Amino acid sequence: MSSKTRVVLLCGGKSAEHEVSLQSAKNVVDAIDRERYEVVLIGIDKQGCWHLCDAEDFLLHADDPSRIALKASGEPVALVTGEGGQPALVTLNEHRDLGPVDVVFPVLHGTFGEDGTIQGLLKLADIPFVGAGVLGSSVGMDKDVMKRLLRDAGLPIPKFFVVSRAQADALSFEHAVEQVGRPLFVKPANLGSSVGIHKVASRAEFDAAVKDAFRYDTKIIVEEAIVGREIECSVLGNETPQASLPGEIIPTHEFYSYEAKYLDEAGARLEIPAKLPDETVRRVQELAVRTFQVLCCEGLARVDFFLQEDGAILVNEINTIPGFTRISMYPKLWEVSGLAYPELIHRLLQLAIERFEREKALETSVRLS
Ligand SMILES: Nc1ncnc2c1ncn2[C@@H]1O[C@H](COP(=O)(O)OP(=O)(O)O)[C@@H](O)[C@H]1O
Ligand SMILES: [Mg+2]
């Protein structure tokens with residue numbers, strides 16, 4: 001029996017960020033310390049089926065982000081609670097047991113990856129996993145709930161209000177402008193990658209934006225447009241989280257839209273670390289850690305901010321499984337803060353196991369003395 005820790009990497013998935021996840025997973029596979037870890041790679045296809053892949057050779061067009069795809073050959077597998085409550089990976093066709101699983105790293109972004117659903121499955125299967133649990137993941141995914149918790153904790157955020165589908169007919173541009181000013185942002189509550197997000201200034205644009213945002217979700221948020229720099233900060237840890245040096249996104253488009261993120265190579269410039277006065281760095285780091293804690297996160301998250309001209313800092317959002325490619329902000333910020341990519345992966349896996357052990361030690365029923 002190998003003494004190495006057996007890590008299952010999950011990638012792909014039923015999300016708009018399937019391809020980004022594949023790139024992230026490739027980088028994790030390349031960087032993970034093979035002296036310590038044995039890697040089992042599972043590719044989740046766009047229909048949601050899990051496939052056992054060869055970690056050394058699981059991608060088509062690995063170096064071309066616009067054509068990257070999972071190789072089709074992987075055998076279908078499922079994660080089940082086996083005998084004695086032990087988690088097991090089994091093949092669907094021959095019911096072959098693929099051996100024990102020590103820890104799972106869901107390198108998945110967006111819907112069904114970052115929203116608490118996969119976390120619920122892993123929790124039921126009784127396996128340690130990297131990142132926020134069910135609650136932190138789902139709270140972090142829902143911009144309405146996330147912003148209400150931040151506001152309740154007294155953290156600075158842009159003005160916003162939420163509109164459900166049932167309230168949509170009564171929503172007017174005049175009312176929106178009265179609430180949050182003009183221009184304003186319209187966003188689906190539960191999505192990422194800037195999908196369905198619009199900056200609008202006129203009634204016609206507003207009506208079209210609301211209609212589009214409701215294509216993606218049953219509730220949307222309407223938000224004050226902030227003029228300011230976009231600053232991001234990486235957080236790592238469980239009970240005593242640490243913040244990295246901040247970085248800056250400098251979009252070349254009107255805002256950091258889907259096109260700027262994924263389609264236009266020159267859509268944004270990353271400044272790592274951001275050029276900021278020490279005092280601003282300290283305040284960003286403090287707000288990043290508080291945001292992480294208020295939103296019940298664990299393991300890792302990237303917290304995104306707006307820095308206004310007058311020095312005010314507003315929290316925009318949290319991402320509980322940020323991009324993990326070698327050029328992604330999350331690992332890059334740790335690198336410039338003194339934590340290299342392979343060490344970062346090791347820390348994340350250790351934090352997953354530590355959290356699991358801590359939760360396991362909790363009483364699950366009343367003990368009568
Ligand atoms: N209130 C706002 N003021 C100014 N720009 C915004 C605002 N909300 C969003 N943006 C712009 O839109 C981008 C995507 O919005 P965000 O809320 O971060 O959604 P996502 O989860 O899709 O990343 C941000 O990076 C920023 O460029
Ligand atoms: Mg964002």
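A polar contact is a pair of N or O atoms within 3.5 Å. The legends below use that cut-off for a predicted model.

**View 1. Polar contacts of ligand 1.** The side chain of K143 places an N or O atom 2.6 Å from an oxygen atom of ligand 1. That distance is within 3.5 Å, so the pair counts as a polar contact. N316 also uses its side chain: an N or O atom there is 2.9 Å from an oxygen atom of ligand 1. E224 takes part through its backbone, where a polar atom is 2.8 Å from a nitrogen atom of ligand 1. On its own, ligand 1 has 540 Å² of accessible area, and the protein covers 95% of this.

**View 2. The shell around ligand 1.** The ligand is surrounded by 19 residues. K143, K187, S194, E223 and E230 come nearest. Sorted by class, the shell has eight nonpolar, seven charged and four polar residues. Three elements each give two or more residues to this shell: β10 (184–188), β12 (219–224) and β18 (313–319).

**View 3. Ligand 1 between two domains.** Domain 2 (159–224) gives residues to the shell around ligand 1, and domain 3 (229–359) does too. Ligand 1 therefore lies between these domains.

**View 4. Domains of the protein chain.** The chain is divided into domain 1 (5–129), domain 2 (159–224) and domain 3 (229–359). Between the C-alpha centres of domain 1 and domain 2 the distance is 35 Å.

Methods: Residues numbered from 1 in each chain as written. Chains lettered and ligands numbered in written order. Predicted model: local features only at pLDDT ≥ 70, side-chain atom pairs only at ≥ 80, totals over all residues. Heavy atoms only, no water. Near = heavy atom within 4 Å. Polar contact = N/O pair within 3.5 Å; in protein donor to acceptor, adjacent residues only side chain to side chain. Areas by Shrake-Rupley, 256 points an atom, 1.4 Å probe, with all protein chains shown as cover. Helix = DSSP H or I, 4+ residues; strand = E, 2+ residues; numbered from the N terminus. Nonpolar A, V, L, I, M, F, W, Y, C, P; charged D, E, K, R; others polar. Domains from an automatic or database assignment.
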